[in-house]
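Colleague: I would like to learn how to read a model of this kind. Could we take it feature by feature?

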Amino acid sequence: MSGKLYVVGLGPGEARFLTPEAGAALEAAEALYGYVPYLARVPERAGQQRFASDNREELARAGAALAHAAGGARVAMVSGGDPGVFAMAAAVIEAIEAGPAEWRALEVEIVPGITAMLAVAARTGAPLGHDFCAISLSDNLKPFEVVERRLRLAAQAGFAMAFYNPVSKARPWQLDRAFEVLREELPGGVPVIFGRAVGRADERLRVLALTHARGHMADMATCIIVGSVETRLVERPGLPSLVYTPRSAGPR
Ligand code: SAH
């Protein structure tokens, strides 16, 4: 039997966000690989092997899953959100690029999921209704100067932006620095959304002006959306304001 590797997006939280296609891939797999908390979201099934690993071990995890599939098994690598967004799909392809020739002959299927920024955006209105970009604030895989430059240029170019990996114990000051850079480029009233653990029981949402945005308001489970100059709030009586970025933009 020939092996196959699925790279599956679980969505942002509870099972209702999992697509039927992702559910079918998890069902079909004989073995599951993934970061501990993501694997924990997949119900145990008799006869299905599970290989949980630490967060930092992406390439090793990708290699182990590829070797397992190359041995003839149907293997699923799970990711939170979408596997192509700051997650395992790129790590798997990186391992294929550097790995033995037989890995290139493997069937690989990337199964998309709802990524964090889309879940956060949907909770608050339409902050990504016009052009936007996504930036990981982690400087594990790129220098922070690159992050700063991208923030500045994205703000100047009129993009709304979504930040992934906004803080960690090893990166305590970077998010405050990011807000500082943005305050140099954008009006203080631009809406900033902090969406934490969206789609889970402990979900928390907070919307405030860029002037008031601070690093301590986020943790590792937070995805932040910073509006563009056009992004604004539509106030409603007795209901939360809707955050939106109009579909059209002027010549700025
Ligand atoms: N592949 C994932 C992102 C992995 S990077 C996806 O597509 O969503 C990890 C970062 O994703 C976290 O630091 C956080 O910024 C964001 N994130 C993941 N799940 C989230 C959730 N339920 N709510 C808010 N942010 C989330």
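**Reading the model**

Modeller: Start with phenylalanine 86, which is placed in the loop between S4 and H4; helices (H or I, at least four residues) and strands (E, at least two) are DSSP runs, numbered from the N terminus. This is a predicted model, in which local features need pLDDT of at least 70 and side-chain atom pairs count only at pLDDT 80 or more, while totals for chains, interfaces and linings use all residues. Residues are numbered from 1 along each chain as its sequence is written, and side-chain values use heavy atoms, with hydrogens and water left out.

Colleague: Is phenylalanine 86 buried or exposed, or partly exposed?

Modeller: Buried means under 20% relative accessible area, exposed over 50%, and partly exposed in between (1.4 Å probe, protein chains only). Phenylalanine 86 has a relative accessible area of 42%, so it is partly exposed. Its phi is near 45 degrees, a positive value in a residue other than glycine.

Colleague: Which other backbone angles should I look at?

Modeller: Asparagine 165 also has a positive phi, of about 50 degrees, although it is not a glycine. Asparagine 165 sits in the loop between strand S8 (160-164) and helix H8 (174-185), and with 35% relative accessibility it counts as partly exposed. Glycine 125, just after H6, takes a positive phi of about 140 degrees.

Colleague: How many helices and strands does the protein chain have?

Modeller: The protein chain has eight helices and 13 strands. Its C-alpha trace spans about 60 × 40 × 35 Å along the principal axes.

Colleague: What does the radius of gyration say about the protein chain?

Modeller: The radius of gyration is taken over C-alpha atoms, and the globule rule is 2.2 Å times the number of residues to the power 0.38. For 252 residues, a compact globule would have a radius near 18 Å; the protein chain has 20 Å, which agrees. Buried residues make up 46% of those 252 residues. Contact means heavy atoms within 4.5 Å. Among contacts between residues at least 6 apart in sequence, 67% join residues at least 24 apart.

Colleague: How do I read a pocket?

Modeller: The search runs on a 1 Å grid over the protein atoms alone: a pocket is an open set of points where a 1.4 Å probe fits, with protein on both sides within 12 Å along at least five of seven lines, and lining residues have an atom within 4 Å of a point. Grid points are joined across faces, edges and corners, and a volume is the space filled by probe spheres set on the points. Here the largest pocket holds about 1500 Å³. Its lining has 48 residues, and Tyr38, Asn55, Glu58, Phe86 and Asn165 lie nearest its centre. The two loop residues discussed above, Phe86 and Asn165, are thus listed there.

Colleague: Which element supplies the largest share of that lining?

Modeller: H4 does, with four residues. Helix H2 (36-40), helix H3 (58-70), strand S4 (74-79), helix H4 (88-98), H6 and strand S11 (222-226) each supply at least two. By class, the lining divides into 25 nonpolar, 13 polar and ten charged residues, where Ala, Val, Leu, Ile, Met, Phe, Trp, Tyr, Cys and Pro count as nonpolar, Asp, Glu, Lys and Arg as charged, and the others, Gly among them, as polar.

Colleague: And the second largest pocket?

Modeller: The second largest pocket holds about 260 Å³. It is lined by 15 residues, with Leu18, Leu26, Arg41, Val42 and Pro43 closest to its centre. Six of the lining residues are nonpolar, three polar and six charged.

Colleague: Which residues of H6 are buried?

Modeller: Met117, Ala119, Val120, Ala121 and Thr124 are. An α-helix has 3.6 residues a turn, so residues three or four places apart point the same way. Alanine 121 lies in H6 (residues 116-124) and has 8% relative accessibility, so it counts as buried. Beyond its neighbours within four places in sequence, alanine 121 is in contact with Ala126, Pro127, Leu128 and Ile225.

Colleague: Why is cysteine 223 not bonded to cysteine 133?

Modeller: A disulfide is a pair of cysteine sulfur atoms within 2.5 Å. The sulfur of cysteine 223 is 12 Å from the closest cysteine sulfur, in cysteine 133, which is too far for a bond. The whole structure has zero disulfides. Cysteine 133 is buried at 19% relative accessible area, and cysteine 223 is buried at 3%.
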